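Q: I should like to learn how to read salt bridges, strand pairing and burial from a set of coordinates. Where should one begin?

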Amino acid sequence: QVQLVESGGGLVQPGGSLRLSCVGSGFSLDDHAIGWFRQPPGKVREPVSCIKGSDGYTWYEDSVKGRFTVSKDNAKNTVYLQIDDLKPEDTAIYSCGTGDQGYCGWYDYWGQGTQVTVSS
């Protein structure tokens, strides 16, 4: 079955960087898209980025453009989210999702998430 496992979160000081990983199994990144989401404390989950495995198309939410970079390694069925210049408002549970339709915006499966805390 489809599984997604995130890792790479942690406690980081403002201005620091993190690289999150999303490892998929039970499907091929070659014909799927992976979206990254975050859920700040007390708020709803929001999409922040997405990448299509077939052609590398990427999408970013406006507020993270320039600081977030999504990339992929199809051979490892893994997608990464590089977050630079971390801010306290980036504190959230970050999770990844994918869907059977193979494009950004359609999600049927989710990982458990990884906690990112930005604090001095």
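A: One begins with the criterion: a salt bridge is a side-chain nitrogen of Lys or Arg within 4 Å of a carboxyl oxygen of Asp or Glu. The model shown is predicted. In this model, the side chains of R38 and E46 satisfy the criterion, with an N to O distance of 2.8 Å.

Q: How many salt bridges does this rule give?

A: The count is six. Among them is the pair of K65 and D62, at 3.0 Å from N to O. Another is formed by R67 and D90, at 2.8 Å from N to O. This second pair links distant parts of the chain, 23 residues apart. R67 lies in the loop between β6 (58–60) and β7 (68–73), whereas D90 lies in the loop between β8 (78–83) and β9 (92–98).

Q: Which residues are joined into one network by salt bridges that share partners?

A: The network consists of R38, E46, R67 and D90.

Q: How is burial read for such residues, and is R38 buried or exposed?

A: Burial is read from the relative accessible area, with buried meaning under 20% and exposed over 50%. R38 has a value of 7% and is therefore buried. E46, its salt-bridge partner, is partly exposed because its relative accessibility is 31%, in between the two cut-offs. R67, at 12%, counts as buried, and D90 is buried with 1%. By contrast, K65 and D62 are both exposed.

Q: How does one read the pairing of strands, and in which sense do β7 and β8 pair?

A: Pairing is read from the bridges between two strands, of which at least two are needed. β7 and β8 pair in the antiparallel sense, over six bridges. One example is S71, whose bridge partner in β8 is Y80. The hairpin of β7 and β8 has four residues between the strands, and in this hairpin N77 takes a positive phi near 50°.

Q: What should one expect of side chains along a strand?

A: In a regular strand, side chains alternate between the two faces of the sheet. For a single residue, one may then examine its accessibility and its contacts. T98, in strand β9, has 0% relative accessibility and counts as buried.

Q: Which backbone oxygen does the side chain of T98 reach?

A: The side chain of T98 reaches the backbone oxygen of A33, at 2.7 Å. Leaving aside residues up to four places away in sequence, T98 touches V2, L4, F27, H32, A33, I34, W106, Y107, D108 and Y109.

Definitions and conventions: Residues are numbered from 1 along each chain as its sequence is written. This is a predicted model: local features need pLDDT of at least 70, side-chain atom pairs count only at pLDDT 80 or more; totals for chains, interfaces and linings use all residues. Side-chain values use heavy atoms; hydrogens and water are left out. Buried means under 20% relative accessible area, exposed over 50%, partly exposed in between (1.4 Å probe, protein chains only). Helices (H or I, at least four residues) and strands (E, at least two) are DSSP runs, numbered from the N terminus. A polar contact is a pair of N or O atoms within 3.5 Å; within protein, one must be able to donate a hydrogen and the other to accept it, and residues adjacent in sequence count only if both atoms are side-chain atoms. Contact means heavy atoms within 4.5 Å.
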